[in-house]
Amino acid sequence: MIDHLLFYKLKPEVDEGKLEDMIRMSRSLLLKIPVVLTVRSGRTIDPESDWPFYILLEFDSLDKKRIFQDDPNYLKFLKVIVDPNTSKSYSVDYETDPSKDIKYS
């Protein structure tokens, strides 16, 4: 299993209400994608954090993640939610199966 974590910096004009909408919309749009097993999203509890918004996506494999990145719902999510409201992003992938060789993820 692959956990794909996305961290976002928000544009200055994004307020708490807009952030809540982003959290709800990320879940509803990204769960429509068949290769996505899990979607979690939220805001930081640390007011000093550089990355106040995050999304965690779970996939069976890196191949499924690649399929996800071409999905129309993901592209819509980027256009409607991410691009207008964020200024920077950071992503990282983790293999969650301790016995699996990472090169076969």
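This section describes the strand pairing, the aromatic pairs and two buried helix residues of a predicted model.

In this predicted model, local features need pLDDT of at least 70 and side-chain atom pairs count only at pLDDT 80 or more, while totals for chains, interfaces and linings use all residues. Residues are numbered from 1 along each chain as its sequence is written, and side-chain values use heavy atoms, with hydrogens and water left out.

Helices (H or I, at least four residues) and strands (E, at least two) are DSSP runs, numbered from the N terminus. Two strands are taken as paired if DSSP finds at least two bridges between them. Strand 1 (residues 2–10) and strand 3 run antiparallel and are joined by seven bridges. Strand 1 is also joined to strand 4 by nine bridges, again in an antiparallel arrangement. His4 has a bridge partner in each of these two strands: Leu57 in strand 3 and Asp93 in strand 4. Strand 2 and strand 3 are antiparallel as well, with six bridges between them. Leu56 in strand 3 stands opposite Leu5 and also opposite Arg40. In a regular strand the side chains alternate between the two faces of the sheet.

Burial was assessed from relative accessible area (buried under 20%, exposed over 50%, partly exposed in between; 1.4 Å probe, protein chains only). In strand 1, seven of the nine residues are buried. In strand 3, six of the seven residues are buried. Both strands are thus described as mostly covered.

Aromatic pairs were sought among the rings of Phe, Tyr and Trp (its six-membered ring), with centres within 6.5 Å; planes under 30 degrees apart count as stacked, over 60 as edge-to-face and the rest as tilted. The search of the whole structure finds six such pairs. One of them is formed by Trp51 and Tyr90, whose ring centres are 6.1 Å apart and whose planes are at 40°, so the pair is tilted. Trp51 lies in the loop between strand 2 (38–43) and strand 3 (53–59), whereas Tyr90 is in strand 4 (residues 86–95), so the pair ties together parts that are 39 residues apart in sequence. Trp51 counts as partly exposed, at 25% relative accessibility, and Tyr90 also counts as partly exposed, at 45%. Lys9 lies over the face of Trp51, at 5.1 Å from the ring centre (a charge sits over a ring if NZ of Lys or CZ of Arg is within 6 Å of the ring centre and within 35 degrees of the ring normal). Elsewhere, ring pairs link Phe59, Phe68, Tyr74 and Phe77 into a cluster.

Two helix residues were examined for their surroundings, with contact meaning heavy atoms within 4.5 Å. Asn85 is placed in helix 3 (residues 72–85) and counts as buried, at 7% relative accessibility. A polar atom of the Asn85 side chain lies 2.9 Å from the backbone oxygen of Ile81. Apart from neighbours within four places in sequence, Asn85 is in contact with Lys9, Leu10, Lys11, Val14, Lys18, Met22 and Val80.

Met22 belongs to helix 1 (residues 16–30) and counts as buried, at 0% relative accessibility. With neighbours within four places in sequence again left aside, the contacts of Met22 are Leu10, Val14, Phe53, Ile81, Asn85 and Thr86. The C-alpha atoms of Met22 and Phe77 are separated by 9.6 Å, and the two residues are 55 residues apart along the chain.

Methods. A polar contact is a pair of N or O atoms within 3.5 Å; within protein, one must be able to donate a hydrogen and the other to accept it, and residues adjacent in sequence count only if both atoms are side-chain atoms.
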